[in-house]
Amino acid sequence: MLPVTAVGEDAAGDALREYFREKRVDVSGIVRVKGWTTPTKTRFVAGWAHTVGQQVLRVDYEPQDPLPQAARKKVQQLLSARIRSADALAISDYGFGVANPDLIRQAATKRKGGLPVTLDARYQLGAYANAGITIGNAK
């Protein structure tokens, strides 16, 4: 696994990087962005020990500003470099500017011989129609 993404220079971004480090995952593809907020979702689950838990509330912390162009360019460079040795590409696009159809299209064409490309998109699933996606999931 070689994650390529952007996180803020905040506690959530640090926690994600540390989690990957503990799992011995290379974090050099995670771009830290000063002044940007790492998207975070906190779920509150209700239920007793012998019942099925049910999510009753979710609190989202999202960036107020778009991902800066310099960070977007860095993510694109990292993805282009790493895609050559990848066995597959899994994209999760929640509309924060890290993933987009053009980026995925460019990355997928860098790889000769095809590459399984999955997509979990919250918005604009149709925009990925010609991006080389082989499996998709609309939210």
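How much space lies in the largest pocket? About 1,000 Å³, and that pocket is a good place to begin the tour.

Before you click, two notes on what is loaded. This is a predicted model, in which local features need pLDDT of at least 70 and side-chain atom pairs count only at pLDDT 80 or more, while totals for chains, interfaces and linings use all residues. Residues are numbered from 1 along each chain as its sequence is written, and side-chain values use heavy atoms, with hydrogens and water left out.

**Stop 1: the largest pocket**

Select Val-4, Thr-5, Ala-90, Ile-91 and Ser-92: of the 36 residues that line the largest pocket, these are the closest to its centre. Here a pocket is an open set of points on a 1 Å grid over the protein atoms alone, where a 1.4 Å probe fits, with protein on both sides within 12 Å along at least five of seven lines; lining residues have an atom within 4 Å of a point. Grid points are joined across faces, edges and corners, and the volume is the space filled by probe spheres set on the points.

Now colour by secondary structure. Helices (H or I, at least four residues) and strands (E, at least two) are DSSP runs, numbered from the N terminus. At least two lining residues come from each of β1 (5-8), α1 (11-22), β3 (40-46), α2 (69-83), β5 (89-93), α3 (101-110) and β6 (117-121). Strand β5 gives the most, with 5 residues.

Recolour by residue class and the lining divides into 25 nonpolar, 7 polar and 4 charged residues. In this split, Ala, Val, Leu, Ile, Met, Phe, Trp, Tyr, Cys and Pro count as nonpolar, Asp, Glu, Lys and Arg as charged, and the others, Gly among them, as polar.

**Stop 2: salt bridges**

Next, show the charged side chains. A salt bridge is a side-chain nitrogen of Lys or Arg within 4 Å of a carboxyl oxygen of Asp or Glu, and by this rule the count comes to 7.

Start with Arg-32 and Asp-14, whose closest N and O atoms are 2.9 Å apart. Arg-32 lies in strand β2 (residues 30-33) and Asp-14 in helix α1, so this pair ties together parts that are 18 residues apart in sequence. Arg-32 is partly exposed, with a relative accessible area of 36%, and Asp-14 is partly exposed at 36% too. For these labels, buried means under 20% relative accessible area, exposed over 50%, and partly exposed in between (1.4 Å probe, protein chains only).

Move on to Lys-41 and Asp-60, which meet in a salt bridge at 3.6 Å, N to O. Lys-41 sits in strand β3 and Asp-60 in strand β4, 19 residues apart. Lys-41 is partly exposed at 24%, as is Asp-60 at 27%.

Then select Glu-62 and Arg-122, a salt bridge with its closest N and O atoms 3.7 Å apart. Glu-62 is in the loop between β4 and α2, and Arg-122 is in the loop between β6 and β7 (135-138), 60 residues apart. Add Arg-58 to your selection as well: salt bridges that share partners join Lys-41, Arg-58 and Asp-60 into one network.

**Stop 3: a nonpolar surface patch**

Switch to a surface view and pick Phe-44, Val-56 and Leu-57. Together they form a nonpolar patch with about 280 Å² of accessible area. Patches are made of residues with over 30% relative accessible area and no salt bridge; like charges are joined within 9 Å, and nonpolar side chains (Val, Leu, Ile, Met, Phe, Trp, Tyr) within 5 Å. Accessible areas come from the Shrake-Rupley method with a 1.4 Å probe, and for residues only the protein chains shown count as cover. Leu-57 lies in strand β4 (residues 54-61) and is partly exposed at 44%.

**Stop 4: backbone angles**

Most residues other than glycine have a negative phi. Select Arg-24 in the loop between α1 and β2: its phi is positive, near 60°, and the residue is exposed at 79%. Gln-124, in the loop between β6 and β7, also has a positive phi, near 50°, and is exposed at 59%.

**Stop 5: neighbours across the chain**

Finish with two C-alpha distances. Leu-79, in helix α2, is buried at 9%; Leu-79 and Pro-3 are 76 residues apart in sequence and 9.0 Å apart in space, C-alpha to C-alpha. Gly-132 lies in the loop between β6 and β7 and is partly exposed at 39%. The C-alpha atoms of Gly-132 and Pro-101 are separated by 9.1 Å, with their positions 31 residues apart along the chain.
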